[in-house]
Amino acid sequence: MPEQDLTEKFGDILTEEQLAILDQNKANSQELREAFKATLSEEQLAVLENTELNRREQREALRATLSDEQRGSSWTVTEKSSGNNVKLSERP
């Protein structure tokens, strides 16, 4: 399914501010995915790249290998006072 631009999809029913929030949430989610993926070992990455497994099987196989830090909500997005700059930090 091709990704649809948020303005194209919701522009007629949401305000500019709401669209900006959606865009920021999308960017934050992408940053979290990238940060999480950076914590994966070679073995864990191999599970995700295994084309013999379907998505559900990949997810289950990956979950079995996750550390406590990876399994929990150890990553958070903290916005800097400048607005749209996003900083990823590990929760204490």
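Start by selecting Gln24, which is buried, with a relative accessible area of 14%; buried means under 20% relative accessible area, exposed over 50%, and partly exposed in between, using a 1.4 Å probe and protein chains only. Residues are numbered from 1 along each chain as its sequence is written. Keep in mind that this is a predicted model, where local features need pLDDT of at least 70, side-chain atom pairs count only at pLDDT 80 or more, and totals for chains, interfaces and linings use all residues, while side-chain values use heavy atoms, with hydrogens and water left out.

**Stop 1: around Gln24**

Show the side chain of Asn28 too: the side chain of Gln24 makes a polar contact with it at 2.8 Å. A polar contact is a pair of N or O atoms within 3.5 Å; within protein, one must be able to donate a hydrogen and the other to accept it, and residues adjacent in sequence count only if both atoms are side-chain atoms.

Now widen the selection to helix α2, residues 16-38, where Gln24 lies. Helices (H or I, at least four residues) and strands (E, at least two) are DSSP runs, numbered from the N terminus. With 23 residues, α2 reaches 33 Å from its first C-alpha to its last, close to the 33 Å expected at 1.5 Å a residue; that expected span is 1.5 Å times one less than the number of residues. Colour Leu19, Gln24, Asn28 and Ala35, which are buried in α2.

**Stop 2: Lys37 and Gln44**

Stay in helix α2 and pick Lys37. Lys37 counts as partly exposed, at 49% relative accessibility. Draw a line from its C-alpha atom to that of Gln70: the two are 33 residues apart along the chain and separated by 9.6 Å.

Gln70 also leads to Gln44, since a friendly hop is all that is needed: a polar contact of 3.0 Å joins their side chains. Gln44 is found in helix α3 and is buried, with a relative accessible area of 4%. Leaving aside neighbours within four places in sequence, Gln44 is in contact (heavy atoms within 4.5 Å) with Thr39, Leu62, Thr65, Leu66 and Gln70.

**Stop 3: the nonpolar core**

Which residues make up the largest nonpolar core? Select Leu40, Leu45, Val47, Leu62 and Leu66, 5 residues in all. Such a core is a set of buried Ala, Val, Leu, Ile, Met, Phe, Trp, Tyr and Cys residues joined through side-chain atoms within 4.5 Å. Click on Leu45 next: leaving aside neighbours within four places in sequence, Leu45 is in contact with Lys37 and Leu40.

**Stop 4: a salt bridge**

Move to helix α4, residues 55-65, where Arg56 and Glu60 lie 4 residues apart, about one turn of the helix. Their side chains meet in a salt bridge at 3.1 Å, N to O. A salt bridge is a side-chain nitrogen of Lys or Arg within 4 Å of a carboxyl oxygen of Asp or Glu, and the structure holds 1. Arg56 is partly exposed, with a relative accessible area of 45%, and Glu60 is partly exposed as well, at 42%.

**Stop 5: the whole chain**

Zoom out to see 5 helices and 2 strands, which run α-α-α-α-α-β-β from the N terminus on. Buried residues make up 16% of the 92 residues.

Finish by colouring by pLDDT, the predictor's confidence in each residue, from 0 to 100. The protein's mean is 79, and 74% of its residues reach 70 or more. Among the elements, helix α3 (residues 42-49) has the highest mean pLDDT, 95, and strand β2 (residues 86-90) the lowest, 51. Over residues 79-87 the pLDDT is below 50; beyond near neighbours in sequence, this stretch has 14 contacts in the model.
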